[in-house]
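The exercises below ask you to work through a protein model step by step, using the coordinates as your starting point. Try each task before you read the solution that follows it.

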Amino acid sequence: MSEQHWPHFSHAELQCHCGCGRSVMDERFMARLEELRMAYGKPIIVNSAYRCPNHNASVSTTGSNGPHTTGRAVDVQVSGEDAHALMALAMHHGFTGIGVSQRGQHKSRFIHLDTLDAALGQPRPTIWSY
C-alpha cells in the first residue's frame with residue numbers, strides 16, 4: 001500500500017512490529033483514520049496497527065485472528081483532554097470499537113480504534129477499558 005493514500009501515517013508505523021514487515025491495512029479503514037486525523041487537527045501517533053497472526057497471538061488475548069490482523073484497527077498514543085477529544089471524534093467518524101487504556105504514565109496510555117462489525121462475532125458499536 002502506498003503512503004500517498006495516507007499522508008499522515010507512515011508505512012513504518014502501520015507495519016507489524018514482529019519484524020515480518022507486513023502492513024495489510026484496509027483502504028476504507030485508513031481513509032476513515034485520515035478523516036479522523038484531519039478533524040482532530042493534531043498528529044495521531046500510532047503505537048500498533050497491522051499485526052500478523054503470529055505476532056498478534058504472542059501479544060494479545062485475541063489470539064491469531066484479533067482486530068489488528070484485519071487491518072481495521074490501530075492503537076494510538078493519547079491521554080488526558082486529547083484522549084477525550086479523540087474518542088468523541090472517533091465515535092462521530094464511525095469507529096465501532098473503542099478500547100481505552102488511560103492508566104500509568106502518559107506515554108503508555110492509548111486508545112484502540114477499529115471498524116469491525118457485529119458479523120465478526122463482536123458486539124458493535126462498543127467501548128471497553130483495559
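A polar contact is a pair of N or O atoms within 3.5 Å, where, within protein, one atom must be able to donate a hydrogen and the other to accept it. Please keep in mind throughout that this is a predicted model.

**Exercise 1.** Determine where aspartate 75 lies, whether aspartate 75 is buried or exposed, and which side chains make polar contacts with its side chain.

Solution. Begin with the secondary structure, which places aspartate 75 in strand E2. Next, take the relative accessibility of aspartate 75, which is 9%, and compare it with the cut-off for buried residues, which is under 20%; aspartate 75 therefore counts as buried. Then apply the distance criterion to the side chain: a polar contact is found with the side chain of histidine 68 at 3.3 Å, and another with the side chain of histidine 112 at 3.0 Å. Finally, list the wider surroundings, leaving out residues up to four places away in sequence: aspartate 75 touches Ile45, Val46, Asn47, Ser48, Arg51, His68, Phe110, Ile111 and His112.

**Exercise 2.** Work out which residues phenylalanine 29 touches, and whether phenylalanine 29 is buried or exposed.

Solution. Phenylalanine 29 is found in helix H2, which spans residues 27–40. Its relative accessibility is 1%, so that phenylalanine 29 counts as buried. If residues up to four places away in sequence are not counted, phenylalanine 29 touches Gly71, Arg72, Ala73, Val74, Phe95, Leu113, Asp114 and Thr115.

**Exercise 3.** Establish the setting of threonine 69, including the distance from its side chain to the backbone oxygen of glycine 66.

Solution. First locate threonine 69, which is found in the loop between helix H3 (53–59) and strand E2 (73–77). Although this residue belongs to a loop, threonine 69 is buried, because its relative accessible area is 18% and the cut-off is under 20%. A polar atom of the threonine 69 side chain lies 2.6 Å from the backbone oxygen of glycine 66. Beyond four places in sequence, the residues that threonine 69 touches are Tyr50, Arg51, Cys52, Pro53, Asn56 and Ser64.

**Exercise 4.** Decide whether arginine 103 and lysine 107 are buried or exposed.

Solution. Arginine 103 sits in the loop between strand E3 (97–101) and E4, and the loop between E3 and E4 also holds lysine 107. The relative accessible area of arginine 103 is 70%, which is over the 50% cut-off, and arginine 103 is therefore exposed. For lysine 107 the relative accessible area is 61%, so lysine 107 is exposed as well. With neighbours within four places in sequence left aside, arginine 103 is in contact with Ser108 and Arg109.

**Exercise 5.** Describe the largest pocket by its volume, its lining and the residues nearest its centre.

Solution. The space in the largest pocket comes to about 310 Å³. Its lining consists of 15 residues, and Ser60, Thr62, Pro67, Trp128 and Tyr130 lie nearest the centre. Sorted by character, the lining residues comprise five nonpolar, six polar and four charged. Strand E4, residues 110–114, supplies the largest share of the lining, with three residues.

**Exercise 6.** Identify the configuration of the peptide bond from arginine 124 to proline 125.

Solution. Read the omega angle, which is near -5 degrees; the bond is cis. Proline 125 is found in the loop between E4 and strand E5 (126–129).

Conventions: Residues are numbered from 1 along each chain as its sequence is written. This is a predicted model: local features need pLDDT of at least 70, side-chain atom pairs count only at pLDDT 80 or more; totals for chains, interfaces and linings use all residues. Side-chain values use heavy atoms; hydrogens and water are left out. On a 1 Å grid over the protein atoms alone, a cavity is a set of points where a 1.4 Å probe fits but cannot get out, and a pocket is an open set with protein on both sides within 12 Å along at least five of seven lines; lining residues have an atom within 4 Å of a point. Grid points are joined across faces, edges and corners, and a volume is the space filled by probe spheres set on the points. Helices (H or I, at least four residues) and strands (E, at least two) are DSSP runs, numbered from the N terminus. Ala, Val, Leu, Ile, Met, Phe, Trp, Tyr, Cys and Pro count as nonpolar, Asp, Glu, Lys and Arg as charged, and the others, Gly among them, as polar. Buried means under 20% relative accessible area, exposed over 50%, partly exposed in between (1.4 Å probe, protein chains only). Contact means heavy atoms within 4.5 Å.
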